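Reader: Hello! I am new to this structure and would love a close look at one part of it. Could you walk me through the nonpolar surface and what lies around it?

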Amino acid sequence: MEQHVIMALIVLIVVPIIFTIFAKKPSLIPTPIQNVFEIYIEFIDNLIKENMGEKGRKYFPLIASIGLFVFFGNLIGMIPGLESPTANLNTTMALALLVFFIYNFEGIRENGIGYFKHFLGPVPKMAP
């Protein structure tokens, strides 16, 4: 197996385990680790509300998980001898295609087949 695949699996397996251990018992008086989690969640939530509005909140898990995957993947790449999974074009392309297909699927689901008209610009006859 390629090294970037192994590193991606490490990120996908180890990071949720670490989060589960540290975020097991959230409290009203937050611990420093809980503060970091809450800051990240608030940051992503505000980012979504500012750019997509309230309807965009359904994409929170996708955006937050890709952000964490890229962050911890790049963090692993800083350890000597280990390669970041995002250093390989295949991982980056897979993430990009995932977002591309979800974006267009949601566009078609919201607007029907007429969704593709917005790619033609304001004057469809001039599109070619």
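Author: Happy to! One definition helps at the start: a patch is made of residues with over 30% relative accessible area and no salt bridge, and nonpolar side chains are joined into it within 5 Å. Please keep in mind that this is a predicted model.

With that in hand, look for M1, I6, L9, I10, L12, I13, V14, I17, I18, I21, F22 and I33, which form a nonpolar patch on the surface. Together they have about 1100 Å² of accessible area. Helix α1, residues 3–22, gives the largest share of the patch, 10 residues.

F22 is a good residue to pause on. It lies in helix α1, and F22 counts as partly exposed because its relative accessibility is 49%.

Helix α1 also takes part in a nonpolar core. The largest such core has 7 residues: M7, A8, V11, V15, F69, I76 and L95. Two elements, α1 and α3 (60–77), each give two or more residues to this core, and the largest share, 4 residues, comes from α1. For a closer view of one core member, take A8: leaving aside its neighbours within four places in sequence, A8 is in contact with F69 and P85.

Finally, a record adds some context. An unreviewed UniProt entry carries the annotation "transmembrane region" for residues 6–23, 59–81 and 87–105. In the model, residues 59–81 are 78% helix and 0% strand, with end C-alpha atoms 35 Å apart. Residues 87–105 are 89% helix and 0% strand, and their end C-alpha atoms lie 28 Å apart.

Conventions: Residues numbered from 1 in each chain as written. Predicted model: local features only at pLDDT ≥ 70, side-chain atom pairs only at ≥ 80, totals over all residues. Heavy atoms only, no water. Patch = residues over 30% accessible without salt bridge, like charges linked within 9 Å, V, L, I, M, F, W, Y side chains within 5 Å. Areas by Shrake-Rupley, 256 points an atom, 1.4 Å probe, with all protein chains shown as cover. Salt bridge = Lys/Arg side-chain N within 4 Å of Asp/Glu carboxyl O. Buried < 20%, exposed > 50% of the residue type's maximum accessible area, 1.4 Å probe, protein only. UniProt positions renumbered as here; feature names shortened; annotations may be inferred. Core = buried A, V, L, I, M, F, W, Y, C linked by side-chain atoms within 4.5 Å. Contact = heavy atoms within 4.5 Å.
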